[in-house]
Structures are given as C-alpha cells and as structure tokens.
There are 2 protein chains.
Amino acid sequence: MNQIIKDLNWRYAVKKYDSSKKIEEQDLAILKETISLSPSSMGLQAYKVLVIENPEIRSKLQEKSFGQTQVTEASHLFVFCGFTEITEDYINLMVEKTAETRNQTLSELEGFKNFLGSKMTMDSDKLEIWTAKQTYIALGHLMQTAAQLRIDSTPMEGFDPHGYDEVLNLSEKGLKANLVCTLGFRAEDDIYQHMQKVRKNHTDLFELV
Amino acid sequence: MNQIIKDLNWRYAVKKYDSSKKIEEQDLAILKETISLSPSSMGLQAYKVLVIENPEIRSKLQEKSFGQTQVTEASHLFVFCGFTEITEDYINLMVEKTAETRNQTLSELEGFKNFLGSKMTMDSDKLEIWTAKQTYIALGHLMQTAAQLRIDSTPMEGFDPHGYDEVLNLSEKGLKANLVCTLGFRAEDDIYQHMQKVRKNHTDLFELV
C-alpha cells in the first residue's frame with residue numbers, strides 16, 4: 001500500500017490521550033508551518049490559530065466542550081478562529097507582506113489591494129462562514145502532517161463558540177472559534193484505535209462524468 | 001528542511017496547466033482514496049465528489065467559472081458537492097455500512113442511528129454550510145497528497161454554483177457544488193510557479209495562550 005494511504009489509515013479520532021506524552025518542539029514547528037503553508041482564499045489567511053498550553057484555560061475550555069477529556073489530556077490544543085471582519089489595517093499588512101516577499105512596489109499592487117478591499121464590505125454572516133471554511137483546509141493539512149509524523153489528533157466541532165469567546169476574549173480580537181483540534185498521543189487503552197474505519201464505497205462517494 | 005514542508009512549499013495555485021500531461025491511474029486511485037479517508041463530522045461523509053472527464057461538460061463548466069482555463073486544461077476536474085439534505089435512506093446506508101465493517105448488529109447501533117437522525121431535521125441553510133465545511137477538510141488532504149505525489153492542483157471558490165447546478169443537474173440529486181479543484185501538471189511557462197509564497201509571520205498567525 002502507498003505510504004500516504006498507510007498514514008491516513010493509521011489516523012483515527014482519538015478519544016483518550018496519554019497525557020504523559022508531549023509533542024516535541026521540532027515536530028510542533030512542522031505542524032505550525034503546515035498550517036502556515038495551507039492555501040486560503042485569495043491568500044488572505046483570514047484566521048488565527050490559538051495554541052493553548054495554560055492548564056487552567058484548558059480546564060475552562062473543557063467545560064465549554066461538553067467535558068471532552070481530550071481538551072485537557074492531549075499534548076496540545078489548537079483553536080482555529082476565523083476573522084469576524086477584514087479591516088483596512090489587515091489588508092495593508094497583507095499587501096505590504098506581498099510587496100516585501102515578492103519585491104514589488106505598493107503601486108504595482110494597487111489592483112490586488114482593491115480586490116482584497118472588496119471583502120471589507122462583505123456581509124458579516126457571510127464573512128464568518130467564508131473565513132471559517134478556510135480553517136477547515138488548514139485542519140486537513142494539519143491532520144495529514146500529524147499522521148505522517150505519527151502524532152495523533154482529534155478534530156472537534158462539538159463545543160460552545162460563545163463559551164470559547166468568553167474564556168479567550170475572542171470577539172474583542174475580531175475572532176470567532178470555529179474548529180478545535182487536539183494533538184498528542186493515543187492512550188494504550190483507547191479502544192477506538194482498534195475499530196475499523198467506516199467509509200462508504202467509492203461508487204457512492206465519487207461520480208464519473 | 002523536513003520533506004512534508006518541502007512538498008507543501010513546492011505547491012502553488014497553478015494558473016496554466018500543460019494539457020498534454022495526464023494523471024496516471026494509480027495516482028488517481030491514491031487521490032481518491034485520500035478523499036475517502038478524510039475525516040468528516042460524525043463520519044457521515046455527507047458529500048459527493050464529481051470527477052469530470054467529459055470535455056464538453058468541462059467547457060460548459062468553464063463558462064460558469066469565469067472562463068478560468070484550468071477547468072478545461074488540467075488533467076482532472078474534481079467538483080466537491082455537499083448534501084442539501086440528509087435522508088433516512090442515507091442514514092440507513094451509513095448505519096448498515098458501520099454494522100458490516102465493524103461486525104456489529106443493527107440493534108447495537110440504535111443509539112448511533114438516532115444521533116445521526118437528529119441531523120435530518122437540521123435547518124437547510126445550516127445543513128448546507130455544515131456539509132460544505134466538511135469538503136474543505138477533504139480538499140486539504142487532497143492537495144497535500146497531490147503535492148506529495150508531485151501533482152499540481154488549483155483550489156477554486158470562484159464559480160457560479162447555480163451554473164454548475166444547471167450543467168450537472170445537482171439539485172435533483174440533493175447536491176450543491178461548493179468547491180472545485182483542478183489537478184494535473186503545471187505548464188512550463190506558468191509564471192506563477194516562480195513567485196515566492198506570501199505568508200504572514202507566525203507571530204501574526206499563532207497566539208500562544
């Protein structure tokens with residue numbers, strides 16, 4: 001079997017972590033760089049990822065996550081937050097970053113800047129959905145890299161975004177939590193690791209046109 | 001540099017494909033299996049991926065994609081479609097699949113079935129957003145595997161979903177196109193391959209709590 005497919009088959013949504021095992025710094029750097037390299041609409045990266053290490057904060061977040069033990073027992077907790085607005089400052093930051101990286105002048109990037117600027121007037125509900133979706137691409141990349149490094153992960157939509165907002169003061173930062181991923185190492189007695197992955201047949205998943 | 005990071009850096013959003021180069025069958029099988037192994041909320045895989053090979057259909061879809069040439073010139077065109085409703089038949093299919101795969105009885109899965117059933121009554125707008133988000137995870141996996149196989153890709157949100165619906169008769173199948181990905185091989189003269197990737201600093205992307 002192809003190695004990538006082996007790695008993806010090794011992965012499962014961990015229910016119980018071995019809290020004594022921690023992700024090493026060099027692997028953490030690879031996980032973060034994976035998120036950074038994830039594609040996003042117009043390259044805007046209109047999100048932020050909070051890496052929660054503080055145990056007290058993690059306990060509070062567990063209460064807002066239906067008590068799921070992974071939130072406190074995994075080595076790391078990543079909270080993906082979409083922007084709730086695109087500010088002029090942010091667009092300037094990205095345009096300046098583009099100019100600097102690609103050695104272009106700001107006037108060469110005027111059209112690009114105006115194009116990005118059109119997102120500033122986007123309806124706020126639509127904007128939140130759009131920025132949230134981008135974080136799911138990053139999650140896909142993150143989980144694949146984790147599996148390839150033999151680091152376990154659990155993606156979670158089951159948490160209270162308002163509760164996360166309260167604990168992490170997200171709305172005042174223009175952020176909304178839309179996705180959580182715990183990362184670490186499966187406990188030996190997590191029975192879910194022995195369960196066969198359930199997937200529909202390719203004939204039900206794909207249609208050739 | 002770590003090989004995964006090298007692979008992700010090799011990737012860029014291709015603007016111009018070499019239409020003479022086709023993805024080999026064995027690689028296509030790996031790309032499809034990657035999508036199949038992608039995690040989804042409750043394991044429901046509430047989406048379908050249309051693999052468009054028919055050149056006439058691809059021309060029609062190009063018209064609904066602001067004329068982007070990748071739609072016709074890439075080796076393959078994948079259209080990710082979220083379910084617009086979760087039917088009882090679909091839940092039965094997934095429960096039966098679970099029973100078969102894990103050698104469980106249907107009565108053991110009664111609780112799981114009821115849990116899935118709760119999604120049947122979800123408000124249709126919310127359901128569409130929720131199923132759409134899941135396809136973005138699959139996109140992340142797909143693009144990473146493609147890069148690791150040295151296959152190029154271009155993710156696209158810039159298309160007319162209603163136009164796609166007309167060409168592919170999606171709504172009568174309970175589907176809505178929410179994401180497109182072209183796959184193939186970059187043209188030698190695609191100038192975008194030489195441009196430096198623009199990413200904000202880790203200090204702007206991550207926050208340690």
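The largest nonpolar core has 94 residues, and Val79(A), Phe80(A), Leu139(A), Val79(B), Phe80(B) and Leu139(B) touch the most other members. In soluble globular proteins, nonpolar side chains tend to be buried together. The model described here is predicted.

Take one of these core residues, Phe80(A). Leaving aside neighbours within four places in sequence, Phe80(A) is in contact with Tyr47(A), Val49(A), Thr135(A), Ala138(A), Leu139(A), Asn178(A) and Leu179(A). One of these partners, Leu139(A), is itself among the core residues that touch the most other members.

**A sheet with strands from both chains**

Next comes a sheet. Five strands form this open sheet, in the order E5(A)-E1(B)-E2(B)-E4(B)-E3(B), with mixed pairing. E5 of chain A and E3 of chain B are the edge strands, and each pairs on one side only. On average, neighbouring strands are turned by 25 degrees against each other, direction ignored. H7(B) packs on the sheet and touches E1, E2, E3 and E4 of chain B. The direction of H7(B) makes about 10 degrees with that of E4(B).

Look at the two edges in turn. At one edge, E5 (residues 206-208) of chain A runs parallel to E1(B), and three bridges join them. Here Glu207(A) stands opposite Leu50(B). At the other edge, E3(B) pairs with E4 (residues 175-184) of chain B in the antiparallel sense. Met156(B) has Val180(B) in E4(B) as its bridge partner. E3 of chain B spans residues 152-156 and is mostly covered, with four of its five residues buried.

| Strand pair | Sense | Bridges |
|---|---|---|
| E5(A) and E1(B) | parallel | three bridges |
| E3(B) and E4(B) | antiparallel | five bridges |

**Where the chains touch**

How many residues of chain B are in contact with chain A? The count is 58 residues of chain B, in contact with 57 residues of chain A. Several elements of chain B each supply at least two residues of the touching side, including helix H1 (3-10), helix H2 (25-37), helix H5 (88-102) and strand E1 (47-52). Which element gives the largest share of that side? It is H7(B), with 13 residues. By class, the side of chain B that touches chain A has 29 nonpolar, 18 polar and 11 charged residues.

H7(B) thus appears in two places. This helix packs on the sheet, and H7(B) also supplies the largest share of the side of chain B that touches chain A.

Key
Residues are numbered from 1 along each chain as its sequence is written. Chains are lettered from A and ligands numbered from 1 in the order in which they are written. This is a predicted model: local features need pLDDT of at least 70, side-chain atom pairs count only at pLDDT 80 or more; totals for chains, interfaces and linings use all residues. A residue is buried if 20 or more other C-beta atoms lie within 10 Å of its own, exposed if 12 or fewer, and partly exposed in between; C-beta atoms are placed from the backbone. Two strands pair if DSSP finds at least two bridges between them. Two residues are in contact if their C-beta atoms, placed from the backbone, lie within 7 Å. Ala, Val, Leu, Ile, Met, Phe, Trp, Tyr, Cys and Pro count as nonpolar, Asp, Glu, Lys and Arg as charged, and the others, Gly among them, as polar. A nonpolar core is a set of buried Ala, Val, Leu, Ile, Met, Phe, Trp, Tyr and Cys residues joined through C-beta atoms within 7 Å. Axes are lines fitted to C-alpha atoms, for helices over the stretch in contact, and angles run from 0 to 180 degrees between N-to-C directions.
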